[in-house]
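Student: Got a minute to walk me through this one? I'd like to start with how the strands go together.
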Amino acid sequence: MLTRPDVAIVGAGPVGLAIAWRCASRGLRVTVHDPAPGSGASHVAAGMLSPVAEAYFGEHELTGLLAESAARWPRFAADLAEAAGADVGYRADGTLVVGLTADDLAEARRLWSYQRGLGLPITPLRPSELRDREPALAPRVRGGAVAPGDHQVDPRRLVSALRAAAGRAGAVLNPARVGALSEVDAKVTVVAAGCGAAALTGLPVRPVKGQVLRLRAPGRGAPDFRHVIRGYADGESIYLVPRDSGEVVVGATVEERADTEVTAGAVLRLLRAAVDLVPELAEYDLVEATAGLRPGTPDNAPIIGRLPGRPGVLVATGHHRHGIVLTPVTADLVTELIVTGEPDPLLAPFTPDRFGKEPRWN
């Protein structure tokens, strides 16, 4: 007779797999349910770990959680590389935030002022200082800033490493699709199913479409810039993430749509803005254009904690555009809640019951 697992996790993206790894490492019997691990938002994600550049007006509590999780990333990446026997592409080169035109720079400065007011480490730079750091930047760039603590990781390598580490720790993958929570038999069930969490839990998680491009440097050499570059180019928000492999991730659109079709207009806008900031990208190979669905919430913050009205069910979803950076802290907080039964105070602003009425769940 099969032993009932201590923990069943629905969803094998980075968050679900990280919870599985952490729980299995604590001696718990863990089963992960997902017919296609790593095929959701993480497959499209760029992997920016940006607690500073992603700090937006009115999201003070979320910014604190982003900073806390980013601080855990160096140890998390090292532990995972050791447990999986594989590197996850963690890089600490920092991020440059730039403005192409005077209007772009004014918009960027408004956000930097807010971020610096929170005590976040971001330092304005003159155009000459920017190009000293990254000569590949276009001469037209009017100015920018550096966020040295905003790093990056490769999400696809991250998922592969988490699968290996979770498996080595004893977690078992069940490839069957879960259509309702009643189909899962475990002492504790964790719903980490991204956009799929809405149907399972009744929580207000909606799909937010993002289109992303992947370019490759000629000759498969490393790109000629090393920082993540985030910027505004004639009003278009853009990011460029260089990889050691020669890949450059270019993104991303933010669309309140639920399809995953790639559109010509989005590709045009992303490429134009990317080449405006780094002209050499016009000579790179276009190797992939894809779209994914981020799990958004009404307040743009994740939903982590006990599901109201359903004892033994926890949720870890709704991470929107922050799923990769929030993976370590989410895994740690959920694992501690499972092991001790006591929620960490960090969870208080992000629990499912903040939306008021009890959700309708399956």
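Tutor: Sure, definition up front: two strands pair if DSSP finds at least two bridges between them. Helices (H or I, at least four residues) and strands (E, at least two) are DSSP runs, numbered from the N terminus. This is a predicted model, where local features need pLDDT of at least 70, side-chain atom pairs count only at pLDDT 80 or more, and totals for chains, interfaces and linings use all residues. Residues are numbered from 1 along each chain as its sequence is written, and side-chain values use heavy atoms, with hydrogens and water left out.

Student: OK, in what sense do strand 9 and strand 16 pair?
Tutor: Parallel, over three bridges, with strand 9 covering residues 188-191 and strand 16 residues 313-317. Valine 191 has valine 315 in strand 16 as its bridge partner.

Student: And what's the strand order in the open sheet?
Tutor: It goes 8-2-1-9-16-15, six strands with mixed pairing. Strand 8 (172-174) and strand 15 (303-306) are the edges, each pairing on one side only.

Student: Which strands does helix 9 lie across?
Tutor: Helix 9 (residues 327-340) lies across strand 1 (7-10), strand 9, strand 15 and strand 16, at about 175° to strand 16. For that angle, axes are lines fitted to C-alpha atoms, for helices over the stretch in contact (heavy atoms within 4.5 Å). Angles run from 0 to 180 degrees between N-to-C directions.

Student: Switching topic: how many disulfides?
Tutor: Zero, counting pairs of cysteine sulfur atoms within 2.5 Å.

Student: Is cysteine 23 buried or exposed?
Tutor: Buried, because its relative accessible area is 0%. The cut-offs are under 20% for buried, over 50% for exposed and partly exposed in between (1.4 Å probe, protein chains only). Cysteine 195 is at 24%, so it counts as partly exposed.

Student: What about the largest nonpolar core, how many residues?
Tutor: 50, and those with the most contacts inside it are Ile9, Ile19, Val30, Trp73, Leu80 and Val190. A core here is a set of buried Ala, Val, Leu, Ile, Met, Phe, Trp, Tyr and Cys residues joined through side-chain atoms within 4.5 Å. Helix 3 (60-84) gives the largest share, nine residues.

Student: Which residues does valine 190 touch?
Tutor: Leaving out residues up to four places away in sequence, Val7, Ala8, Ile9, Val10, Ile19, Leu314, Ala316, Val334 and Ile338.
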